[in-house]
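Biologist: Please show me the model, and then let us go through a few of its elements.

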Amino acid sequence: MAKKAVLIGCNYPGTKAELNGCINDVWRMHECLIHNYGFLAEDITVLIDTDCSYTQPTGKNIRFAMSRLVQSARPGDVLFIHYSGHGTRLPAEIGDDDDTTGYDECIVPTDMNLITDDDFREFVAKVPEDCRITIVSDSCHSGGLIELAKEQIGESTHEGAPISPIGFKNILHRTREDTLESRDIEDEHDGLHHGNHNYVKNRSLPLATLIDILKERSGEDDVEIGKIRHTLFHIFGEDASSKVKRFIEFFLNKFQQGCGESGGHNGIFGMVKNITQGFLNYKLDDSDEENEDPTKHKTVENGILLSGCQTDQTSADASPGGNSKKAYGAFSNAIQGIIAETGGVVTNRQLVLKARKKLHRQGYTQKPGLYCSDDSANAPFVCSFDRE
């Protein structure tokens, strides 16, 4: 039985999105896996953005590392992923359905090439049946990050209605209202000083900040809420999220059909009407048999997600006494404390419940979640405890 891990830390140094504790989280988990769970250093892949001698945690590199982890897996192997960094959630655009929350929950690689909940589902669905993968995401809006995984502990997937249909023109120009609404949610912890003298900011990337960074990367000034996915494809092309690529492919297909139907202004207006109607009544992932995502309806059974918070919550990035060199993610720090207290012998369910109590005592409002099958909920965290 092999034990393999991918550890990802994004501090976004020198950017508007800069954090302090994510790289520290990675190295603490690196040590924990080796000393508590029997992993070998050569079987742990580290992606961090503060040292150019390591692989940078770009969207392309993260996807490659996760894909290689799965492709190399054999029945009985133990797979583990830890992500510390920003999370965000994109409002649904026309043609973009999320069956549980009405948003795309995403992690934010260092280059802003977002990885969505759909991407995580596709990834986990490829894990061999007799192989289990544990994902810890210490990021904002991380509840339900593996789409279709059963919610064991949390309030993310039981709430949130699908986004109401909106006209094609309005969906492209609703920047101000959605951005302000997003910031109201995401700025919950910024600048707070807790009773333990930690300086805390949150690990949520506000859409306004994401848009500003995408404007810089793309050289375009008209990036808006309704154009984020188009911009991501413009910047990253084939390296973009598979969901983004399917979205753009559907859009272009409708555009080409509209142009071919008739000429002149009537043809253009007819094209826009057809695109709008098609998006409103059509699930993107079911666009046609040839391009349909084969994992779309596959229930996630062998994936285990421990999220730092709920879908509509932020996760804290704390600096004890204001010392950024000792910074950490509140959830990652809680996990390390619980492992130290239990000697590493703890189930996934116990770990999340203990983390909730610990964070509450420390004054944090975030509530970690657990998403997995019933059997996995009561299975040991990471793997069976085996002290040599």
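**Helix 10 and two enclosed strands**

Modeller: Helix 10 has these buried residues (under 20% relative accessible area, against over 50% for exposed and partly exposed in between, with a 1.4 Å probe and protein chains only): Ala-330, Phe-331, Ser-332, Asn-333, Ala-334, Ile-335, Gln-336, Ile-338 and Ile-339. This is a predicted model, in which local features need pLDDT of at least 70 and side-chain atom pairs count only at pLDDT 80 or more, while totals for chains, interfaces and linings use all residues. Residues are numbered from 1 along each chain as its sequence is written, and side-chain values use heavy atoms, with hydrogens and water left out.

Biologist: What distance does helix 10 reach from its first C-alpha to its last?

Modeller: Helices (H or I, at least four residues) and strands (E, at least two) are DSSP runs numbered from the N terminus. Helix 10 covers residues 330-342, which is 13 residues. The expected span is 1.5 Å times one less than the number of residues. For helix 10 that expectation is 18 Å, and the helix comes close to it, at 18 Å.

Biologist: Is helix 1 roughly parallel or roughly antiparallel to helix 10?

Modeller: Axes are lines fitted to C-alpha atoms, for helices over the stretch in contact (heavy atoms within 4.5 Å), and angles run from 0 to 180 degrees between N-to-C directions. The axes of helix 1 (residues 22-37) and helix 10 come within 10 Å and cross at roughly 25°. Angles under 35 degrees count as roughly parallel, over 145 as roughly antiparallel, 65 to 115 as roughly perpendicular and the rest as oblique, so helix 1 is, relative to helix 10, roughly parallel.

Biologist: Which residues of helix 10 does helix 1 meet?

Modeller: The helix 1 side consists of Asp-25, Arg-28, Met-29, Cys-32, Asn-36 and Tyr-37. Their partners in helix 10 are Ser-332, Asn-333, Ile-335, Gln-336 and Ile-339.

Biologist: Why is strand 11 largely enclosed by the rest of the structure, and which residue is the bridge partner of Leu-305 in strand 14?

Modeller: Five of the five residues of strand 11 (residues 303-307) are buried, so the strand is largely enclosed. Strands pair if DSSP finds at least two bridges between them; strand 11 pairs with strand 14 (residues 369-371) in the antiparallel sense over three bridges. In strand 14, the partner of Leu-305 is Tyr-371.

Biologist: Which residue in strand 5 stands opposite Leu-90?

Modeller: Strand 4 (residues 87-91) and strand 5 run antiparallel and are joined by five bridges. Opposite Leu-90 in strand 5 stands Asp-104.
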